[in-house]
Amino acid sequence: MDSVRNQRAASLPAKLSRSWLLESGGANANFTAALASEADSVIFDIEDAVPADEKEAARERVISALNEGLTAWVRINAIDTEFWSDDLAALSGTPGLRGVMLAKTERPEHVSQTALRLRAGTPVLALIESGLGIENATAIACAPGTFRLAFGVGDFRRDTGASDDPMALAYARSRLVVASRVGELPGPIDGPTNSTDEQVLRDACEVTASMGMTGKLCLKTEQTETINYGLSPSQSEVQWAHELLHKHSTGEVEGDGSYLPRLARAQKINDLADSYGLWNS
């Protein structure tokens with residue numbers, strides 16, 4: 001079953017993942033299609049996508065897939081639900097588990113208590129979906145076990161009454177970006193865009209990137225390529241980095257005070273281009 005995994009995405013470190021595809025663990029789950037998509041990371045969802053009376057069956061479906069050769073992240077239920085403990089008990093021994101996304105993370109101990117119930121070293125992606133979670137974002141980012149932060153836009157809007165206007169959500173996004181920096185985490189993951197309009201998704205990715213976020217959740221496989229493109233260095237940035245690094249390697253060093261920061265940025269873009277396969281695109 002390993003052959004279904006998108007090999008480019010399978011070899012990409014999750015700290016660099018741009019597109020995070022949520023695939024429902026419900027009765028109509030299509031795990032193999034999700035894993036064969038262009039998604040950098042795939043999350044089997046046994047939380048929001050599954051009604052309460054179907055959660056046990058969905059959990060068993062996901063565990064079976066992870067025990068039979070598939071590898072993925074799993075979004076588990078919030079710590080204050082009756083399902084959280086059972087989710088972790090079932091997942092703790094599965095060989096295909098890449099990490100868990102913890103729904104409705106609001107406090108640092110939510111992450112640390114989750115991590116303690118999993119195999120040592122299993123990363124926890126903290127999904128922050130409320131005003132309290134946003135205000136505690138720095139503490140959550142610094143908690144043992146936190147791998148990366150993600151923004152649950154829908155629930156956050158319901159909790160706070162905020163609209164989907166980028167200005168209305170700018171504070172929350174900025175909090176996650178700054179918290180990730182303080183906690184020395186990779187850039188945070190933005191929430192999904194539900195529109196089927198390609199331009200709407202492109203515009204949303206521009207907002208994500210402009211805020212300093214480096215990943216984005218999505219619910220449809222066809223959105224993954226647009227997200228990957230929108231959250232990658234542009235062709236002009238890659239070309240600029242290539243030219244600057246070439247000049248540096250040949251001794252054409254520019255002596256002004258901005259040179260070293262520009263050189264570091266060029267090296268970062270170059271490394272990302274290699275990781276994402278942009279030199280051959």
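This report walks through a few neighbourhoods of one predicted model.

## An aromatic cluster

Let us begin with the rings. A pair of aromatic rings is described by the distance of the centres and the angle of the planes. The count of such pairs here comes to four. One of them joins W20 and W73, which meet edge-to-face, with 5.2 Å from centre to centre and 75° between the planes. W20 belongs to strand β1 (residues 19–24) and W73 to strand β3 (residues 72–76), so this pair ties together parts that are 53 residues apart in sequence. W20 counts as buried because its relative accessibility is 0%, and W73 is also counted as buried, at 2%.

W73 has a further ring partner in F147: the two centres are 5.6 Å apart and the planes stand at 35°, so this pair is tilted. Since W73 sits in strand β3 and F147 in strand β6 (residues 146–151), the pair ties together parts that are 74 residues apart in sequence. F147 has a relative accessibility of 22%, so it counts as partly exposed. Together, W20, W73 and F147 make up one aromatic cluster.

## Strand β6 and its partner

F147 leads us to the strand that holds it. Is β6 mostly covered or mostly open? Five of the six residues of β6 are buried, so the strand is mostly covered. Strand β5 (residues 124–128) runs parallel to β6, and five bridges join the two. One example is V124, whose bridge partner in β6 is T146.

## P186, a residue in a loop

Next comes the loop between α9 (166–182) and β7, where P186 is found. P186 has a relative accessible area of 19%, and it counts as buried because the cut-off for that label is under 20%. Which residues does P186 touch, leaving aside its neighbours within four places in sequence? They are K15, F147, R148 and S180. F147 is thus a contact of P186 as well as a member of the aromatic cluster.

K15 is 171 residues away from P186 along the chain, yet their C-alpha atoms are separated by 5.6 Å.

## D190, a buried acid in β7

Strand β7 (residues 189–190) includes D190. Its relative accessibility is 0%, which is why D190 counts as buried. What does the side chain of D190 meet in a polar contact? The partner is the side chain of T208, at 2.6 Å.

T208 also appears in the list of residues that D190 touches, where residues up to four places away in sequence are not counted. The others on that list are F151, V153, R173, M213, G215, K216 and L217.

## A lysine over a ring

Here is another kind of arrangement involving a ring. K55 lies over the face of F83, and the distance to the ring centre is 5.5 Å.

## The cysteines

A disulfide is a covalent bond between the sulfur atoms of two cysteines. How many disulfides does a search of the whole structure find? The result is zero. Why does C218 not bond to C205? C205 holds the cysteine sulfur closest to that of C218, but the two are 9.2 Å apart, which is too far for a bond.

Two cysteines also show contrasting surroundings. C218 counts as buried because its relative accessibility is 0%, whereas C142 is partly exposed, with a relative accessible area of 47%.

Technical notes
Residues are numbered from 1 along each chain as its sequence is written. This is a predicted model: local features need pLDDT of at least 70, side-chain atom pairs count only at pLDDT 80 or more; totals for chains, interfaces and linings use all residues. Side-chain values use heavy atoms; hydrogens and water are left out. Helices (H or I, at least four residues) and strands (E, at least two) are DSSP runs, numbered from the N terminus. Buried means under 20% relative accessible area, exposed over 50%, partly exposed in between (1.4 Å probe, protein chains only). A polar contact is a pair of N or O atoms within 3.5 Å; within protein, one must be able to donate a hydrogen and the other to accept it, and residues adjacent in sequence count only if both atoms are side-chain atoms. Contact means heavy atoms within 4.5 Å. Rings of Phe, Tyr and Trp (its six-membered ring) pair if their centres lie within 6.5 Å; planes under 30 degrees apart count as stacked, over 60 as edge-to-face and the rest as tilted. A charge sits over a ring if NZ of Lys or CZ of Arg is within 6 Å of the ring centre and within 35 degrees of the ring normal. Two strands pair if DSSP finds at least two bridges between them. A disulfide is a pair of cysteine sulfur atoms within 2.5 Å.
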